[in-house]
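Let's walk through this model together, starting at its surface and moving on to the contacts between side chains. Keep the structure open beside you as you read.

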Amino acid sequence: MAFFGLRKWPTPVAKTLWPFMVAGATTMYLVSKAQDSGIRSAEWRNDPRNPYAAELAKQSLH
């Protein structure tokens with residue numbers, strides 16, 4: 001008998017969705033690395049719109 005649509009044994013969610021979780025984590029990692037390399041590129045390093053320009057200037061002095 002189902003109680004509010006729940007079965008006696010729960011459906012394994014993580015077991016069936018692990019490929020999507022791995023793909024999502026990989027995509028997030030690659031987008032983060034692409035963004036970081038774009039911010040630190042020579043073209044955008046001294047751009048005043050870059051929120052990390054001051055931080056990059058400090059790192060380039062050392």
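Val13, Leu17, Phe20 and Met21 together make a nonpolar surface patch of about 420 Å². Do keep in mind as you look at the patch that this is a predicted model. One of its members, Leu17, sits in helix α1, which covers residues 13–39. Is Leu17 buried, exposed or partly exposed? With a relative accessibility of 36%, Leu17 counts as partly exposed. That value fits its place in the patch, because patch residues need over 30% relative accessible area.

Now step back to the whole chain. Its secondary structure consists of 2 helices and 0 strands. The protein chain has 62 residues, and 6% of them count as buried. About 6000 Å² of the chain is exposed, with carbon and sulfur atoms supplying 68% of that area.

Let's return to helix α1, where you will also find Thr26. This residue is partly exposed, its relative accessible area being 39%. Look at what its side chain does: a polar atom there lies 2.8 Å from the backbone oxygen of Val22.

Asp36 is another residue of helix α1. Which residue does the side chain of Asp36 meet in a polar contact? The partner is the side chain of Arg40, at 3.1 Å. The pair also forms a salt bridge, with 3.1 Å between the closest N and O atoms. It qualifies because the rule asks for a side-chain nitrogen of Lys or Arg within 4 Å of a carboxyl oxygen of Asp or Glu. As for their surroundings, Asp36 is partly exposed at a relative accessible area of 33%, and Arg40 is partly exposed as well, at 32%.

How many salt bridges are there by this rule? The count is 2. Besides the pairing of Arg40 with Asp36, there is one in which the side chains of Asp47 and Arg49 meet, with an N to O distance of 3.0 Å. Side chains of opposite charge can pair when their charged atoms come close. Here the two partners have contrasting settings: Asp47 counts as buried, at 13% relative accessibility, whereas Arg49 counts as exposed, at 64%. The labels differ because buried means under 20% relative accessible area and exposed means over 50%.

Our last stop is Asn50, which is found in the loop between α1 and α2, the latter helix spanning 53–61. Is Asn50 buried or exposed? Asn50 is buried, with a relative accessible area of 8%. Its neighbours are worth a look in your viewer. Leaving aside residues up to four places away in sequence, Asn50 touches Ile39, Trp44, Arg45 and Leu56. With Trp44 there is a specific link to trace: the side chain of Asn50 reaches the backbone oxygen of Trp44 at 3.0 Å.

To retrace the route, you might start at the nonpolar patch with Leu17, follow helix α1 past Thr26 to Asp36, and then go on to the salt bridge between Asp47 and Arg49. From there, finish at Asn50 in the loop between α1 and α2.

How values were computed:
Residues numbered from 1 in each chain as written. Predicted model: local features only at pLDDT ≥ 70, side-chain atom pairs only at ≥ 80, totals over all residues. Heavy atoms only, no water. Buried < 20%, exposed > 50% of the residue type's maximum accessible area, 1.4 Å probe, protein only. Helix = DSSP H or I, 4+ residues; strand = E, 2+ residues; numbered from the N terminus. Areas by Shrake-Rupley, 256 points an atom, 1.4 Å probe, with all protein chains shown as cover. Patch = residues over 30% accessible without salt bridge, like charges linked within 9 Å, V, L, I, M, F, W, Y side chains within 5 Å. Polar contact = N/O pair within 3.5 Å; in protein donor to acceptor, adjacent residues only side chain to side chain. Contact = heavy atoms within 4.5 Å.
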